[in-house]
Amino acid sequence: VRVRVVPLAGESYAPGHVTVQASDVTESRRLARVRRDFVANVSHELKTPVGALQLLSETLLDAVDDPDATRRFVERIRHESDRLGRLVGDLLDLSRLQGAEPLPALNPVAVDRIVAEVIDRSRTTAAAKKITIRYAGTRGQTVYGSERQLVTAVANLVENAIAYSPDETTVTIRVGRVGDIMEIAVTDQGVGISEKDQGRIFERFYRADHARSRETGGTGLGLAIVKHIAVNHGGRAGVESAPGRGSTFTFQLPARPPEAALPLPPGIAI
Ligand code: ADP
């Protein structure tokens, strides 16, 4: 607790005439530390592809007379710049979701449209690993929010399910409604996540398996984005998993229109 002794308005520090202000600085210290850690993490994550790009372009300068080597280096430069582009894109998404932009307008969005768009986007990555994407559960449901953000959230879950699963497995997107909650669950038959890691994977840049995440080209921000989209829509995101037996990620949203979810007290006219 920080205590400040301040004079009353227009008075001097005469004994007996002061105000004592007390404020809890624990939370602001914690937030300052979180911010510092985040900047350090971002710098570290940017350094890797930027360093690789510098090294590759220097080496390329020495190899310009060799067409095969040139092609190899240019391909690696493209790979690293794609990674850099994804990282910057995810950082921008995250900063928008964290309040730099207003909350999404709560428009009615058909869940079937969200799922169809997600399946369409994941088609190529799923096909490359011969993974089947299945759509199960109740059709014709509606949620309220930003279609673009909701597609991003479910697409992140499906992309992870594909990335952390072996070839020739199945990823299931299941839609269900329990009372006023709409749940979109994404189940895979992949590597699974230990209990210890389950509590941390929604943090920015936390990775359960660094080597694998690097291999899949992930930015370490996908689930942090999912969590923020859920929270901004009045919902939440969660996970159930067992190592070696696959994972189920759940994305839950209020299933009622916003005016029904937040009834005005009677007698107030607007
Ligand atoms: P990344 O870009 O590393 O995939 P995410 O924020 O999307 O970052 O996920 C954080 C971590 O959670 C991943 O590095 C991975 O260890 C773990 N993870 C996410 N989804 C799955 C999944 N479906 N199966 C197993 N592990 C997963």
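Mentor: Helices (H or I, at least four residues) and strands (E, at least two) are DSSP runs, numbered from the N terminus. This is a predicted model, in which local features need pLDDT of at least 70 and side-chain atom pairs count only at pLDDT 80 or more, while totals for chains, interfaces and linings use all residues. Residues are numbered from 1 along each chain as its sequence is written, and side-chain values use heavy atoms, with hydrogens and water left out.

Trainee: Which helices and which strand each supply at least two residues of the lining of the largest pocket?

Mentor: They are helix 2 (67-100), helix 3 (111-128), helix 4, helix 6 (210-216), helix 7 and strand 9, with the largest share, 8 residues, coming from helix 4.

Trainee: What makes a residue part of the shell around the ligand, and how many residues surround the ligand?

Mentor: A residue counts as near a molecule if one of its heavy atoms lies within 4 Å of it, and 21 residues surround the ligand, the closest being Asn-160, Tyr-164, Asp-188, Ser-213 and Gly-220.

Trainee: Why is the pair formed by an oxygen atom of the ligand and the side chain of Tyr-164 called a polar contact?

Mentor: A polar contact is a pair of N or O atoms within 3.5 Å (within protein, one must be able to donate a hydrogen and the other to accept it, and residues adjacent in sequence count only if both atoms are side-chain atoms). The ligand oxygen is 2.8 Å from an N or O atom in the Tyr-164 side chain, so the pair qualifies. Backbone N or O atoms of Ala-208, at 3.0 Å, and of Leu-223, at 2.9 Å, likewise face a ligand oxygen atom.
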